[in-house]
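Here's a quick tour of one protein chain, written for someone who likes to know what touches what. Have the viewer open as you read.

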Amino acid sequence: MPDLPELAYNADGLVPCIVQDADSREVLMMAWMNEQSLRLTLEQRTTWFWSRSRQELWHKGATSGNTQRLAELRYDCDADALLALVHPAGPACHTGERSCFYRVLD
């Protein structure tokens, strides 16, 4: 396992992760990662997050089957945000929408 970069985690030990379709480049969702979920994502090449509401690790697709196979994980210039490029197996949103960003503000 390679060393992780010095990420700027927030006070709760979390960093936001934008999830994007590796092929279409559509933004699918945003979720939070802690160091453990980041390591699991890199080791297993599938996305893991930290659920703030349940206060536990969350393997994307564990119950729905809508997994996200990791193609690449990037971090930004300030090291305070992640970008996961994935190959999704189904919708990203719990509503059944392909992307969590399906609503428009007017």
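## A word on exposure first

Before we get to the residues, one cut-off is needed: buried means under 20% relative accessible area, exposed means over 50%, and partly exposed is whatever falls in between. E72, for instance, sits at 35% relative accessibility, so this residue counts as partly exposed. Keep in mind that you're looking at a predicted model.

By that yardstick, buried residues make up 36% of the 106 residues in the chain.

## The overall build

What does the secondary structure come to? One helix and six strands. Walk along the sequence and the pattern reads β-β-α-β-β-β-β. The radius of gyration is 13 Å, close to the 13 Å that the globule rule gives for 106 residues, so the chain is as compact as a globular protein of that length.

If you're setting up a box, the C-alpha atoms fill one of roughly 35 × 35 × 30 Å along the principal axes. As for contacts with a separation of 6 or more, 46% of them come from residues 24 or more positions apart.

## The sheet and its helix

Four of the strands make an open sheet in the order β2-β1-β6-β5, and the pairing is mixed. At the edges you'll find β2 and β5 (68-75), each pairing on one side only. From one strand to the next, the twist averages 25°. Helix α1 (residues 35-44) lies across β2, β5 and β6, and runs at about 120° to β5.

Zoom in on β5 and β6: these two pair in the antiparallel sense, over seven bridges. Y75 stands opposite L82 in β6, and R74 stands opposite L83, also in β6. The hairpin they form has six residues between the strands, and there A79 takes a positive phi near 60°.

## The nonpolar core

Time to look inside. In soluble globular proteins, nonpolar side chains tend to be buried together. Here the largest nonpolar core has 17 residues, and the members touching the most others are C17, V19, M29, M33, F49 and L82. Three strands, β1 (15-21), β2 (27-33) and β6, each supply at least two residues of this core. Which strand gives the largest share? That would be β2, with four residues.

F49 is a good one to click on. Leaving out residues up to four places away in sequence, F49 touches a long list that includes C17, V19, M29, A31, W32 and M33. Charged residues turn up among the F49 contacts as well, including E56 and K60.

## A92, past the last strand

A92 lies in the segment after β6 (82-88). Is A92 buried or exposed? Its relative accessible area is 6%, and because that is under the 20% cut-off, A92 counts as buried.

Neighbours within four places in sequence aside, A92 is in contact with L28, M29, K60, Q68, E97, R98 and C100. Two of these, K60 and Q68, also touch F49, as does M29. A92 and S64 are 28 residues apart in sequence, and their C-alpha atoms are 9.9 Å apart in space.

## Salt bridges

How many salt bridges does the structure hold? Five. One of them joins the side chains of E26 and R98, at 2.6 Å from N to O. E26 lies in the loop between β1 and β2 while R98 lies in the segment after β6, so the pair ties together parts that are 72 residues apart in sequence. Both ends are partly exposed, E26 at 30% relative accessibility and R98 at 37%.

Another links E35 and R39, at 3.1 Å from N to O. These two are four residues apart in helix α1, so about one helical turn separates them. E35 is partly exposed at 40% relative accessibility, and R39 is partly exposed too, at 29%.

Then there's R74 with E72, whose closest N and O atoms are 2.6 Å apart. Salt bridges that share partners also join D21, E26 and R98 into one network. Like E72, R74 counts as partly exposed, with 39% relative accessibility.

Technical notes: Residues numbered from 1 in each chain as written. Predicted model: local features only at pLDDT ≥ 70, side-chain atom pairs only at ≥ 80, totals over all residues. Heavy atoms only, no water. Buried < 20%, exposed > 50% of the residue type's maximum accessible area, 1.4 Å probe, protein only. Contact = heavy atoms within 4.5 Å. Core = buried A, V, L, I, M, F, W, Y, C linked by side-chain atoms within 4.5 Å. Pairing = 2+ DSSP bridges. Axes fitted to C-alpha atoms, helices over the stretch in contact; angles between N-to-C directions. Salt bridge = Lys/Arg side-chain N within 4 Å of Asp/Glu carboxyl O. Rg over C-alpha atoms; globule rule 2.2 N^0.38 Å.
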